[in-house]
Structure formats: structure tokens, C-alpha cells
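Grab a pencil and work through these exercises with the sequence and the 3D view side by side. Try each task yourself before reading its solution.

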Amino acid sequence: MGCRLANALLHGYFDGELSKVRAHEYELHLQHCVDCAVALVEQQLLRHRLQLGELYQPAPAALRQKIRGRLRSLSSVSAGSQPLLWQWLAAAAALLLLALAVSRVSPELRSREYQAELAGEIVEMHRHSLVPGQTTAIASDNEQIVRQWFDDRLKFALPVRNFADEGFALQGGRLDDIEGRAVAALVYMGSGHLINVFMWPTKEPDRSPHSGSLGGYQWVYWRKHKVEFCVVSDAAPGDLEHLHRLIAE
Amino acid sequence: MRKFDSRDQVRFELLVLPHLDAAFNLAYWILRSRQDAEDVAQEALLRACRYFRGFQGGDARSWLLRIVRNSCYTWLEKNRRLELGVAFDEEFHVQICITPETLAITDDDRRRLKRALETLPPRFREVLVLRELEGCSYKEIAAITSIPVGTVMSSLSRARRQLGLELTGSGRTEACRGV
């Protein structure tokens, strides 16, 4: 092998892309040619410097977040998504509390059995709605998309807002049917906790918020402008109060 | 075309999203701006979503990087057309004198190394970045850049030579001649 050919093969050898036979021929040439050996060492120096140069530019975390968000809004939650057990538990507990809230505002006192039955029914319906393909849900952090989605399905207007800047990122919405009436659920993520905001229309007058907790879950309930609200999560009570203020203001 | 559903989303997040660093890195080195690279990388990822149903499996990184690269050149065509034609970028040119003997590298050297790489024409930058920073094989580089495998070696050879010259401060004359 002459220098001309060796020179042409230098980079292939350096990158480990030559066939075994070719690589061997190249190595034989190096044994006799100082110039070609030096050329190879120069490549190694260059590579070494590039490696030390910290030139690699990893993607900013914000970009990753942004793309994840866009992906979520592109796909719908419905088909094939398997909710995590804890999410289901949170949702079940939330609906149980909702049932309690509903029973609270109704004038007649409901029996304990009836409450349990109602809660069971609600949970069962909700569970059914989580089965892939059975649910009508929208996964988006875009207020307009979520609002439009609800507008197409509900007779009352919802205050759909993304409070990502305040620490409550809108995840999307869901529609539940409880005792034949539509209940909207907005889903937020705050400090790593899933938060459900349940809303349904009412004829009752406004009511200031009152809160409570059950089995490790917090809730805040209030009425405003003919809509009843119930915020539920395992997040800190302060967080729910904060979210309540954001929604109610 | 069927809608991008949550099953696709999960697959996409598992197969494609892990290569976001590679996507951004390539975009950065073609465009030489973090902001532009963010915009184009995001656009490319969303474009990848739309094409995702056509992705038959295989090398997701090469597949994504090919889309990123195309998005970058489309963007350059639209926004910085002149850059594509020039073999050598006056604006980015710097005289670099790092003694080749020393392997120790200072922050200042790092900056100059970065500038030297930025000075190269985009077609040189991309093969160097894919090979040296991304560790792609010739076959992968060929798949990403749509050049024949046989041409990858000579492209790398010219790109490295040019970078070497930039680093020793004699790049200007060479660059004006070449490409």
C-alpha cells in the first residue's frame, strides 16, 4: 500500500469502518511510514480535543417539557391509556367526596346506605369510563381546546384556565355522568399531585368555600355564579386553597 | 391518516423522545443558535409525530435526526439562505492558535474550539458533529444526511482537515479555496 491509498483510508481506519483485511494492510503500511503514522496521531489529538471541548449541546429541560405537553395535546387520553392505580384511587376518592358534597347540598338527609350506594355507583361509572375506548376525555394544556371540548358537550359554560405559571398545570378534562347529570372534571397537576376540579350547574345561591379531608385527601367546596365546585386532591390543603382562589377570582 | 393517539404517544415517548438531546445538539450545530435550535427541534419533533405511523421501527435516532436535519435546512433556506452557499463564514471566523502539543484545555480554548467548529461550512459541521459528538457510524451518517456511504469517509476527511486548519489558524486561505 502506498501513501496515497493510506491517506484515503486514514479516516476509515480511524473510525473503525474498514474491513479487517483493509485495516491490516493499513497497519502494515504504518509500520514503514512515519508521515502516515503522524497523520493518524494528529487525528487522535483532534478527537481528544473535541471530546474535552464540552461541545455537546443537550436539549434544555424546558424544551423537553414543551414537547411533552404538545404530545399530550396531540393524543387523546381515551384509546389505550392505562391510568395508574393511584390515579384511579384519587379519582375514586374524589368522586366519593363529590357524592358527599352533592348529598350535603341536597335538602333532605340521605341515609348512610344510600350514600354508600351512590358512591359505589359513581365509582363504578367512573371506572367504566376509564376503560380504553369508553371514555370521552380531552388531554390538553390548551385552555381553548379544553373549553371548546366542554362547550360541545355541556349546556353550561366552564371557567377553563391553565394556571401553569402559578404551579397548577392544566392536564385536560373529563366528563362524568352522575345520577343522570353531567359533571365536568378539570384535571390539574400541582407539585406532583393530580388535582380534580369537579363542576356542575346549580340553582343555589353562591356559597363561600368550606374544606375538609377524608382518608388523606383534601377537598374544597364552593358555589359561584350558579356553578358548584369541588376541588379534590392529596396535595397540601394550602395548595387547594390557592387553586380555589385562582379559580374563584 | 389515523390520528396520533395515546398509544402512539407512549411509543413515541419511549422510542423517539430519548433522542431529544441528539436532535437538539444537531440542530444547534447546524443553526449555531440555541433559540433557533429550540424552535426547529420542536418543530421537527412534532413533524416526527405526524410521520410516526410511517416509522416501521429500527433505528429511531437516525430516523429522527434525518427529520431534524431536513427541518434545519428548510429553516436555513427560508431564514438564512446566504449561509447555505458560502463555503466559509466570515462572521464566525476566528484565528485560533492552540499549541497542538498540549492536551490540557482551558475555558478559553473551549470557546475557541466551539467557534472553530462553528466556522466550518454546515455540511462539514454536521458530519463532524454526527461522528464525533453523536458517535454515529458511517452507515448512520449516510442515512441521516442522505449522502452515499462511500462519500461519508471523504466528507469527514475534508471536514477534519478544515477543522485542524482552523485550529492552527491557517483555515482562512484553505477555506476560501475549498469545498
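**Exercise 1.** Among contacts in chain A between residues at least 6 apart in sequence, work out what percentage join residues at least 24 apart.

*Solution.* Start with what a contact is: two residues whose C-beta atoms, placed from the backbone, lie within 7 Å. Keep the chain A pairs at least 6 apart in sequence, and 55% of them turn out to join residues at least 24 apart. A word on the ground rules: this is a predicted model, where local features need pLDDT of at least 70, side-chain atom pairs count only at pLDDT 80 or more, and totals for chains, interfaces and linings use all residues. Residues are numbered from 1 along each chain as its sequence is written, while chains are lettered from A and ligands numbered from 1 in the order in which they are written.

**Exercise 2.** Find how long α3(A) should be, and check the answer against its end C-alpha atoms.

*Solution.* Helices here are DSSP runs (H or I, at least four residues), numbered from the N terminus. The expected span is 1.5 Å times one less than the number of residues. For the 19 residues of α3(A) that gives 27 Å, and the end C-alpha atoms are indeed 27 Å apart, so the two agree.

**Exercise 3.** Sort residues of α3(A) into buried and exposed.

*Solution.* Count the other C-beta atoms within 10 Å of a residue's own, all placed from the backbone: 20 or more means buried, 12 or fewer exposed, and in between partly exposed. Cys36(A), Gln43(A), Arg49(A) and Leu50(A) come out buried. Seen down the axis of α3(A), these buried residues fall within an arc of 135 degrees (taken from the directions from the helix axis to the C-beta atoms), so they line one face of the helix. On the other side, Val34(A), Val38(A), Val41(A), Gln44(A) and His48(A) are exposed. The buried residues of α3(A) pack against α1 and α2 of chain A, plus α6, α7 and α9 of chain B.

**Exercise 4.** Which element gives the most to the side of chain A that touches chain B?

*Solution.* The contact takes 36 residues from chain A and 37 from chain B. On the chain A side, α1, α3 and α4 each give two or more residues. The top contributor is α3(A), with 9 residues.

**Exercise 5.** Which helix of chain B has the lowest mean pLDDT among that chain's elements?

*Solution.* pLDDT is the predictor's confidence in each residue, from 0 to 100. Chain B averages 80. Helix α10 of chain B is lowest at 42, and helix α2 of chain B is highest at 95.
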